[in-house]
Each structure stands twice: as structure tokens, then as C-alpha cells.
Amino acid sequence: MAMVENRRFLTVLTHFGLLLGVLIVGFPLYVTVIASTQTAQDIVQNAPMSLWPGSHFWENYQTALWGGQSEYGSRIAPALPMLGISLASAMIIAIGKILISLLSAFAIVYFRFPLRSFVFWMIFVTLMLPVEVRIGPTYEVVANFGLIDTMTGLTLPLIASATATFLFRQFFLTVPDELLEAARIDGASPMQFFRDHLLPLSATSMAALFVIQFIYGWNQYLWPLLMTTNESMYPIVLGIKRMLSGGDAANEWNVVMATAILATLPPAAVVLLMQKWFVRGLVDTEK
Amino acid sequence: MGSLSFRAVQKTYGSGSRAVQVIAGLDMEVADGEFVAIVGPSGCGKSTLLRMVAGLEEITLGEIRIDGRIVNGLEPSERDIAMVFQNYALYPHMSVFDNMAYGLKIAGISRAEIEQRVGSAARILELSELLARKPRQLSGGQRQRVAMGRAIVRKPKVFLFDEPLSNLDARLRAQTRLEMRRLHLELGTTTLFVTHDQVEAMTLAQRMMVMNAGVVEQIGTPESVYARPASLFVAGFIGSPPMNLLAGRAEPDGFILKGQADIRLPCHPPHGEIGSSNLILGVRPEHVRIATTPGSVLSVPDQERLDWAFQVDLTEMLGAERLVHGRLGAAPFTLRQETAEAVPPASGRVRVQVDQRDLHWFDARTGRRVDAAHP
Amino acid sequence: MTSERQSFFRNRWLPWLLIAPQLAIVVIFFFWPAGQALYQSVLSEDAFGTSVQFVGLENFVRLWNDPGYLASFNTTALFSSLVASLGLSVSLLLAVMANRVVRGALFYRTLLIWPYAVAPVVAGVLWTFMFAPSVGIVSAALRHWGLDWNHLLNPRHAMALIVMAAVWKQISYNFLFFLAGLQSIPPSLIEAAAIDGAGPWRRFWTIVFPLLSPTAFFLLVVNVIYAFFDTFAIVDAVTRGGPGQETSILVYKVYFDGFKALDLGGSAAQSVILMAIVIGLTVVQFRFIERRVQY
């Protein structure tokens with residue numbers, strides 16, 4: 001945006017405000033990192049803890065990753081397997097959603113078939129039903145299929161919501177008709193058109209959607225809470241919560257914070273590395 | 001070979017009371033190797049007709065045959081045609097080479113054959129240096145050539161061009177027109193060329209089809225369409241500057257301009273129309289000469305020469321020619337001169353001459369041409 | 001809504017094959033459970049399923065008369081309005097500032113969008129840690145300044161904490177949209193206003209804000225939906241609905257009643273009501289968006 005009035009003062013103030021914002025937004029993260037480098041005693045008994053880094057970085061993270069004993073004698077579940085569960089389910093959800101939605105959007109936009117509008121509305125309606133409003137019955141369905149405590153049960157109910165289908169549909173609508181006509185004249189079958197033209201052109205959308213869905217899958221809490229009973233199937237977000245033993249009792253805050261950092265690293269990495277596509281995709285999705 | 005045949009072809013959108021007919025019954029035969037231009041204003045149905053040949057639109061009634069084979073139900077790729085779109089429709093994510101090779105790849109043609117065909121088309125169109133580039137790295141003219149290249153490599157029976165020059169600037173358009181002409185001479189493929197620009201149609205076509213609102217007004221060579229337009233529409237559409245059209249009443253040896261009872265143009269209207277008030281007289285601007293010297297300025301037999309009084313209003317200098325705008329009586333009238341001729345007075349009355357045989361007559365109600373029959 | 005393309009493929013069976021996966025999952029995991037919820041909401045069964053009775057709208061009536069449920073409604077309303085208003089205003093301010101700077105724009109944007117990656121439950125954990133009555137940094141500072149912070153006992157503190165955690169997490173999302181909205185305003189409009197003599201404050205309220213209102217409205221709906229549902233994890237991590245039931249927002253209550261208190265009929269009825277609310281909000285959102293497209 002062009003500077004209409006060149007007010008130095010205003011610019012300085014703006015930078016100041018932004019830095020303040022960045023600091024406030026980043027403060028909790030800072031506290032978390034610091035806490036993850038100290039001992040539980042430092043935090044609990046010598047409260048409030050110092051805001052300078054401690055020296056127990058490696059120990060805390062090792063304890064977090066591989067589990068062990070806390071300073072207070074309670075068992076700490078290893079985070080590594082839980083990270084693995086989170087990674088697997090996030091990938092399955094993200095990739096699964098993208099694939100299924102690509103195919104559905106392709107069918108809806110490029111084919112005429114009876115009940116097309118009806119099908120479209122059916123999928124549209126699912127936008128209005130986040131898992132949180134149907135937890136009870138969905139749990140029953142999953143249980144009836146015997147999918148409790150399975151990766152399938154963890155991921156399948158979350159794969160078919162309509163956001164991705166919508167995004168791809170919007171995008172496909174912007175592809176010129178002539179491209180399709182030229183491909184038809186060239187003799188391309190529908191799937192050839194899909195593979196040779198739509199997919200390459202959708203690359204940006206797919207990237208943006210991957211970021212959004214990966215984070216969505218990684219951060220899932222309520223659903224795993226309901227349908228996993230076995231610690232071996234806990235995603236990391238569940239694991240962290242369980243480490244809080246409620247109230248104000250002695251928590252191994254240092255390890256909890258270390259686990260929190262571990263739990264945030266992969267999604268943060270995905271967001272930051274794919275920032276460009278993500279921002280573009282996020283803003284275009286809803287329009 | 002690539003002959004094309006239209007039999008009673010119709011196109012209707014919608015059904016029942018909301019049906020809209022966009023192409024009325026059309027019959028036409030296109031010979032193998034012929035270049036036919038389909039020309040008309042926007043919305044006349046010319047693109048729809050082309051797309052029906054291509055297989056991108058359903059044929060409501062009638063038959064279209066390519067090379068004797070009915071293609072009504074066939075997919076575009078089964079019709080052995082190639083099409084160049086107005087916006088080129090190049091695959092944006094593929095290189096020029098891949099764009100041209102795509103159809104061949106789908107058809108399962110060998111890699112060697114593909115390279116050979118793409119290579120020779122690239123040579124003809126001067127694209128050999130650009131084969132690795134993507135469409136967004138090309139200029140408009142280059143993209144247009146890639147679109148042509150894509151059509152050429154398929155060696156189809158019929159080329160279909162949908163206003164391929166419309167998106168080029170004026171100079172490039174003229175240049176490309178020539179290239180298309182050369183290409184047609186070299187390849188000899190049957191071509192259907194859709195355009196709204198009558199100059200393009202006239203210069204490129206062996207035969208023209210003039211369309212208006214779904215109806216074919218005339219089919220003929222450019223010369224015949226120009227010299228003997230079959231309807232008012234064709235008369236006004238073909239030719240630049242457009243033909244002068246005057247409404248009035250016919251008398252045995254004159255034409256009374258409508259609404260101006262005292263203005264009478266000496267001439268001999270068609271025998272059967274004498275007394276009719278539903279006549280329109282048409283004269284092309286280049287057929288009217290200003291008589292600056294007494295006597296005749298047209299080298300025509302005396303009995304065919306007509307003298308009229310013309311009021312000059314303003315003059316447009318176009319380079320090699322000059323347009324003189326004015327009036328016959330109160331009716332607007334334009335005539336065309338070579339720049340070499342004497343500049344007409346800035347305003348004022350002059351005498352103009354026209355050859356009787358260069359007059360066109362049309363029925364005002366039907367728009368059809370009426371032939372003058374000399375007694 | 002479905003567009004009319006001139007060119008399309010003519011296969012009969014292929015499209016069905018393509019939508020089959022999504023349709024299957026949607027039917028099995030969306031429509032069937034939603035139907036079940038509707039069905040269960042008009043039943044009364046005990047926890048073991050041995051006796052089932054059709055009771056019509058009795059569950060709903062019971063909810064309507066249940067002070068606990070109405071309180072939850074109020075709590076949710078309060079919570080979502082706080083989250084939405086705070087979230088939107090802070091993000092708008094940040095976006096306006098970020099839009100002004102030329103240098104460092106990418107730097108600021110990167111540092112402001114990373115919270116998007118943080119899981120709601122982690123956000124809850126972090127803020128609980130900072131505000132933990134005995135060990136928290138911030139609570140210590142507050143105590144130093146005379147405020148005895150205890151969100152485990154004081155319902156207002158509890159609400160404040162979950163609001164702060166929820167807003168913190170949502171700032172990135174709102175920020176991104178506001179920034180994009182600001183950047184899509186043609187600079188010539190602002191310049192014209194400046195030439196007309198409008199100062200920055202007036203320019204903002206008379207030109208920028210009206211043009212931003214579609215984005216703002218969209219974000220409002222998104223934030224309300226977020227506050228209704230995605231914040232479950234925050235509530236579970238920070239207060240578990242407490243103290244007592246003071247921070248038990250609707251979605252939390254559905255979970256609690258269904259899985260802890262095992263009141264299946266009541267929980268199903270609550271689910272149905274929640275569904276109605278979401279559908280209403282989403283319809284509003286889409287209606288507005290479609291109209292805005294004409295804009």
C-alpha cells in the first residue's frame with residue numbers, strides 16, 4: 001500500500017506495535033521452551049521459574065521422547081510412539097482427503113449425471129456437521145464396525161468432509177472450458193484429462209490444502225479421546241493432555257512443556273515451509 | 001478425403017415453449033480441400049455451427065458428414081478434425097512441444113513419428129526455437145502459431161478455425177492472414193474458418209457463408225457475394241466502407257427518396273417494382289464518381305450513366321483513398337475516391353455519376369435482392 | 001450452485017465411481033450418525049440399553065427447563081462473543097499495522113501465523129501453565145500486583161483464561177484474512193480520500209472498514225463456529241468445564257453428558273440442537289458469501 005503521508009512517527013509506531021504483537025503472540029512459546037529446559041523442581045518449588053534458559057534441555061527431551069520416570073516418581077509415557085501415531089494419522093487424513101475430494105470435485109464439475117445436484121448438496125451439508133456435533137452416534141458406528149483403537153477408525157470418519165471438495169470445485173470452475181474441449185479433440189479420455197491437465201494445474205491448491213488438512217488431522221483431540229482406549233493408539237495431543245494430572249498438583253511441567261514443543265514442531269514446520277502456498281490457499285479457499 | 005456435408009442441419013436450445021432455434025435448416029456441400037469462411041456478426045450462430053462439426057455441440061436435427069461418414073454421434077476425437085480456438089486453449093503447464101504432441105501421444109503414435117511431425121510443423125510455423133518454452137513465455141502471435149501447430153500435426157481431414165485471428169493486433173493479423181493463406185496452399189486441407197471480420201473472410205475464402213441470426217443469407221465466392229449480395233443484410237455487412245442503402249419509391253425512370261417528395265434520382269428501377277414503395281436502392285461508395293469536369297467521368301455507355309446531385313459534408317483521408325461523406329437530398333450518402341483524384345470542395349453541391357448497372361435493388365419487407373430487368 | 005458447463009464428459013458410470021468413496025464415507029459417518037442422533041434425541045433409554053422408550057420432544061423440553069443447560073447456553077454465548085470480538089479486533093489491528101510496513105512484512109507475517117500450527121489442546125496446556133495458580137509465571141506476576149489469580153476456583157478467572165487461550169490461537173487465521181482483505185483494497189481509493197482531505201483515522205472508518213466488512217463478517221461467522229466447537233480441547237485442557245460447570249460450553253456438555261454422565265437421550269438432544277445452530281450459521285455464511293460474489 002502506497003504511503004500517502006510520509007509520517008516517520010507513524011511508521012515507527014507501527015513497527016513498535018507489530019513487534020509488541022509478535023512478542024505477545026510468541027511469549028507463551030518462549031515460556032514453554034524455557035520451561036522445557038529446566039527441572040521440575042525449578043518450576044514447581046522455586047516458583048515462579050526463571051525466564052532464562054536452564055540446562056536440562058537434553059534430559060527433558062529424552063525423557064519426553066522415550067518416557068521414563070519423573071522427578072516425582074510417576075511414570076511418563078514415551079512421546080515418540082505418540083508422535084508416530086499423530087504423523088501417520090495426519091498424513092492419512094491429509095492425503096486421503098485430497099485424493100477423495102479431487103475425484104469427487106472432478107465428477108461433480110465435469111460430468112452430467114442424474115442426481116448430480118442432490119449428490120452435491122449431500123456433500124455440502126457435511127460442511128455443517130463437524131465431528132463434535134455427532135460424537136455419540138459416530139462413536140457407535142465406529143464401534144459397530146470394530147474400529148475402536150484402530151488407525152482406520154481414527155482417520156476414516158474425518159476424511160470425507162467437504163472443505164477440500166469445495167476448494168477443488170471452485171478451482172476447477174476457473175479452468176477454461178476450451179482447455180477441456182482441446183483435450184477432447186486431442187482424444188483424451190476423462191481420466192487422461194484428469195491426470196494430464198487437472199492435476200498439474202491443481203498443484204498449488206493441493207499444497208495449500210495439504211497444510212490445512214495436515215494440521216487439522218494432527219490437532220484432532222475430541223475424536224481420538226473418544227475412540228482410543230489403548231495408550232499405543234494415542235496421538236500426541238492426547239498424550240499431552242493426560243500428563244496434566246488436574247488441579248494444581250505437582251506436574252512434571254518441564255517434561256510436559258518439552259512434549260508440547262515436540263508436538264508443535266511438525267505442524268509448525270509444515271506451516272513455515274509451505275507458507276507461501278498455505279497463505280494463498282487459505283485465503284482463496286473461502287472465497 | 002476431407003469433404004464436408006451439411007444436410008438440413010438445425011440447432012435448438014431448450015425445449016417446448018422455451019425453445020430457441022439458433023441455426024435454421026442448413027444445406028451445404030464443401031468440397032475436399034476447399035477453404036470456406038463462415039462470417040457474420042456476434043451471436044449469428046457461426047461458432048455454434050463450427051462446434052457442431054467439431055462434436056462439441058449436439059446436432060439437434062439433420063446430418064453432418066465428414067468424408068461421407070455421418071458424424072452426428074461421434075466424439076470429437078473420432079471425427080478426424082482439428083480445431084484452433086479463439087483463445088488458443090494451449091495447455092498452460094506443458095511446453096510447446098508437449099502441447100503439439102499431446103493428441104498424438106494419446107493416439108498412441110510412436111515417439112519417433114511424433115518428433116518428426118512436431119518438428120516439421122514447427123519448421124513451417126517458425127516455432128523450432130520455442131519448443132521448450134511454456135505458453136506464458138510466448139507472445140500472442142507465437143501462441144497462435146502453437147495452436148495452429150497443434151492442429152497441423154494431427155493431419156486431420158478438416159481444419160476448424162474459431163476466430164483465430166481476433167486476439168491479434170492489427171498488423172499481426174494481416175501478417176498471419178497471409179501465412180494462413182500460404183498454409184492452405186501448401187497443405188490443401190479442407191478448412192472451415194469462422195470470423196466476424198468480413199475482410200478476413202473475403203481475403204482467405206474460396207467460398208463464403210454469410211450468416212445472420214441463425215439463418216444462412218448467402219453462400220458463394222467472395223466475388224459473387226460482393227458483386228451480387230443476395231439480401232440487404234449481406235449488402236450492408238460485406239464491403240468496407242459499407243454499401244449506401246436508400247429507401248424510397250420506384251417510378252418508371254426515377255427513384256423518389258423516402259420522405260423527400262422532391263428528391264428524385266434518375267434511374268431505371270426493376271420493371272416489376274414500379275410504383276412500389278417497398279424498395280431499397282443500394283450503391284457501393286466506390287461506384288460513385290464526382291464529376292468535376294462537365295461531361296462524363298465514367299467510361300460507360302451513355303444510356304447506363306446516371307447523374308445525381310450530391311451535397312458534401314466532410315471528408316476523411318485514409319491514405320490511399322478518401323471517403324467523402326454527404327447527402328443525397330437529406331439521405332446520408334458516402335462515396336469513395338482515390339487520393340489521386342481532385343479533392344472535393346469542403347462543402348457544397350457537386351455532380352456525381354454512377355453506372356446504372358452498379359445499382360442494387362432490395363425488397364424492404366423481405367430483404368431479398370430484386371433483379372433489375374431492363375426493358 | 002452446480003455450474004452449467006457447456007463441455008462435459010458423457011460417461012454414464014464413471015462419475016458414480018469417482019464419487020463413490022466420498023459418498024460412502026459421508027453416508028456412513030455423517031448421515032447415518034446424524035440420523036441416529038435425531039432418533040436418539042426422541043428416545044429415553046438407560047445406559048445399558050435395556051429399556052427404550054419413545055418420548056417425543058420430552059428430552060428437548062427437559063433441556064429447555066434445565067437450568068444447567070440454559071446456563072451452558074449463556075456460557076457459550078458469552079464465551080463466543082468474547083472470543084469473536086477480541087479475536088477480530090486484535091487481529092484487525094495487527095493486520096492494519098502489518099499492511100502499513102514495507103520492510104519486514106514477511107518477517108512479521110511469519111511470526112504471526114505460526115500459532116495456526118498449535119493444537120488447541122496444546123494452547124490450553126501452555127496457557128494453563130502460564131496461569132497455574134502456584135507455578136505460573138503470569139499468575140505470579142498478577143499476585144505481585146495484587147490480583148490473586150486462581151482459575152480453578154474463580155469462575156471469572158476460568159472464563160478469562162479459556163478466552164485468552166482461544167483468542168491467542170485464532171489470531172493467525174483472522175490476521176491472514178484481514179491482511180488479504182486489506183491488500184485487495186485498491187490504493188487509489190485511499191489516495192483519493194487523502195486528497196479529499198481525510199486523515200488516517202477517518203480514512204480507515206469510512207473507506208477501509210466498509211470494504212473490509214465482507215471479510216469481517218465471514219470471519220465473524222468462522223470465529224463463532226470456532227468458539228462453539230474447536231475450543232473443546234482448550235476447555236478440556238484448562239478447566240474441564242469447571243469450576244463446577246461454569247465454563248462448560250455446549251459442546252463440552254454434550255461430551256460430558258454423553259460419555260461421563262451417560263445421559264444418552266439428553267446428549268443426543270443437545271447434539272441435535274448444536275446441529276441446528278451450526279446449520280443456521282453456515283447457511284447465513286454462505287448466503288452472505290454468494291451475495292458478496294456479486295459485489
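Where in chain B does B:D80 lie? It lies in the loop between β5 (69–70) and β6 (81–84) of chain B, and I begin there since it introduces a backbone feature that will come back in chain A. Please keep in mind throughout that what we have on the screen is a predicted model.

The phi angle of B:D80 is near 60°, a positive value in a residue other than glycine. As for its surroundings, B:D80 has 17 other C-beta atoms within 10 Å and is therefore partly exposed, given that a residue counts as buried from 20 such atoms upward and as exposed at 12 or fewer. In chain A, A:D149 also has a positive phi, of about 65°, although it is not a glycine. That residue is found in the loop between α6 (135–144) and α7 (151–159) of chain A, and with 15 other C-beta atoms within 10 Å, A:D149 is partly exposed.

Let me stay with chain B and turn to its overall division. Chain B is divided into domain 1, covering 4–228, and domain 2, covering 244–370, and the centres of these two domains of chain B, taken over C-alpha atoms, are separated by 40 Å. There is a cis peptide bond between B:S240 and B:P241, with omega at about 0°, and B:P241 itself lies in the loop between α8 (232–237) and β11 (244–251) of chain B.

Further along chain B we come to B:G329, which is found in the loop between β17 (321–328) and β18 (331–338). Is this glycine, B:G329, buried or exposed? B:G329 has 20 other C-beta atoms within 10 Å, and so it is buried. If we leave aside its neighbours within four places in sequence, B:G329 is in contact with B:L257, B:Q260 and B:I263. For B:L257, which is 72 residues away from B:G329 along the chain, the separation of the two C-alpha atoms is 8.0 Å.

Now to a helix pair, again in chain B. Two packed helices are described by the angle between their axes and the distance between the axes. For helix α2 (residues 96–106) and helix α3 (residues 111–124) of chain B, the axes come within 10 Å and cross at roughly 135°, which means that α2(B) is oblique to α3(B). The crossing in which α2(B) passes α3(B) is right-handed. On the α2(B) side, the residues that meet the partner helix are B:F97, B:M100, B:A101, B:L104 and B:K105, and on the α3(B) side they are B:I114, B:R117, B:V118 and B:A121.

Finally, chain A, which has 15 helices and 2 strands. Of its 287 residues, 50% count as buried, and among the contacts in chain A with a separation of 6 or more, 73% are accounted for by residues 24 or more positions apart.

One helix of chain A deserves a closer look, namely α10, residues 190–201. Its 12 residues should span 16 Å at 1.5 Å a residue, and the end C-alpha atoms are 15 Å apart, so the two values agree. The buried residues of α10(A) are A:P190, A:F193, A:F194, A:D196, A:H197 and A:L198. And what covers them? The cover for the buried residues of α10(A) includes α4 (79–110), α8 (163–173) and α9 (177–185) of chain A, together with α1 (14–41) of chain C.

Technical notes. Residues numbered from 1 in each chain as written. Chains lettered and ligands numbered in written order. Predicted model: local features only at pLDDT ≥ 70, side-chain atom pairs only at ≥ 80, totals over all residues. Domains from an automatic or database assignment. Helix = DSSP H or I, 4+ residues; strand = E, 2+ residues; numbered from the N terminus. Expected span 1.5 Å × (residues − 1). Contact = placed C-beta atoms within 7 Å. Axes fitted to C-alpha atoms, helices over the stretch in contact; angles between N-to-C directions. Parallel < 35°, antiparallel > 145°, perpendicular 65-115°, else oblique. Left-handed = near helix turned anticlockwise from the far one by under 90°.
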